[in-house]
Amino acid sequence: MKLNPAQMEAVNTVEGPLLVFAGAGSGKTRVITNRIAHMIQNRHITAGHIVALSFTNKSAKEMSNRLRKMIPREKLKGIILSTFHSLGLKILKEHITKLGYHETFLLFNSGDQESFVSELLKIKKLDPKKVPPKEILRRISYAKNTLGHSKNVNLDAVDEFNLIAIELFPMYEEGLKEKNAVDFDDLILLPKRLLQEFPDVAESYHKKYQYFLVDEFQDTNQLQYEFLSLFRGKSDKNSYCNWFVSWNSSTRKY
């Protein structure tokens with residue numbers, strides 16, 4: 001499919017920051033994939049210097065499939081085409097031992113989390129049928145994504161479930177650590193800690209990755225934004241400037 005003049009301008013503008021602001025279905029993902037192809041084939045940028053992120057596995061897979069039809073597989077070696085959480089998982093696999101975990105760790109799914117919270121509720125002599133683990137986990141997830149560590153949590157005390165979540169949150173985190181396990185939210189929270197607390201880890205990524213593309217940037221929450229900012233770095237001019245985001249103009253946040 002041919003690109004229109006505005007799309008071609010976005011594809012050909014490689015150096016420096018660039019925002020694509022357009023409605024749903026207008027071809028933002030197509031622009032990203034064509035831009036990556038242009039960078040590799042025409043600008044001779046090494047694929048291993050490029051990071052392209054989306055928010056769902058489906059859209060990340062779509063980017064990957066499109067690029068493989070445009071560029072030989074061997075030329076894509078080293079490129080990151082993933083979700084934020086998959087990127088976080090990659091970082092944890094490489095460096096989680098620095099946070100006191102064993103190298104081979106567990107990733108808890110929703111079922112694992114609910115079972116664990118049920119155990120914690122019983123320890124506190126609370127009935128999981130009356131205090132649904134899903135409700136507690138929803139509040140813990142909110143706290144992790146907005147406030148970070150359990151020591152900082154300050155949910156609305158008027159809500160009974162919030163009071164319980166505040167009490168269980170430290171137990172939940174400590175229990176995960178004892179089990180050498182992480183949950184889905186930790187795939188952003190823990191890599192962010194690694195990048196903040198270990199400059200050598202951050203520096204290794206800053207040197208390696210120089211071009212950053214994010215699809216549907218309006219969906220980024222504060223924690224994800226801070227994680228990505230730490231990952232790309234600001235000390236190196238190229239890392240700071242070669243920054244591309246697409247923004248769905250049909251989406252509004254309130």
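This text walks through a set of side-chain contacts and aromatic pairs in a predicted model.

Start at H95. This residue sits in helix α4, which spans residues 84-95. H95 has a relative accessible area of 17%. Buried means under 20%, so H95 counts as buried. What does H95 touch, leaving out residues up to four places away in sequence? The contacts are L194, V201 and Y205.

Follow the last of these names, Y205. Its relative accessibility is 4%, so Y205 is buried too. Y205 also belongs to an aromatic cluster, together with Y209, F212 and F231.

Now turn to the rings. A pair of aromatic rings is described by two things: the distance of the centres and the angle of the planes. Searching the whole structure gives seven aromatic pairs. In the pair of Y205 and F231, the ring centres are 5.1 Å apart and the planes stand at 40 degrees. Planes under 30 degrees apart would count as stacked, and over 60 as edge-to-face. The Y205 and F231 pair is therefore tilted.

Where do the two partners lie? Y205 is in helix α9, residues 199-208, and F231 is in helix α10, residues 222-232. The pair therefore ties together parts that are 26 residues apart in sequence. F231 has 0% relative accessibility, so this partner is buried as well.

One further ring deserves a look. K177 lies over the face of Y101. The distance from the ring centre is 5.0 Å.

Back to the start, then: H95 touches Y205, and Y205 pairs with F231.

Notes
Residues are numbered from 1 along each chain as its sequence is written. This is a predicted model: local features need pLDDT of at least 70, side-chain atom pairs count only at pLDDT 80 or more; totals for chains, interfaces and linings use all residues. Side-chain values use heavy atoms; hydrogens and water are left out. Helices (H or I, at least four residues) and strands (E, at least two) are DSSP runs, numbered from the N terminus. Buried means under 20% relative accessible area, exposed over 50%, partly exposed in between (1.4 Å probe, protein chains only). Contact means heavy atoms within 4.5 Å. Rings of Phe, Tyr and Trp (its six-membered ring) pair if their centres lie within 6.5 Å; planes under 30 degrees apart count as stacked, over 60 as edge-to-face and the rest as tilted. A charge sits over a ring if NZ of Lys or CZ of Arg is within 6 Å of the ring centre and within 35 degrees of the ring normal.
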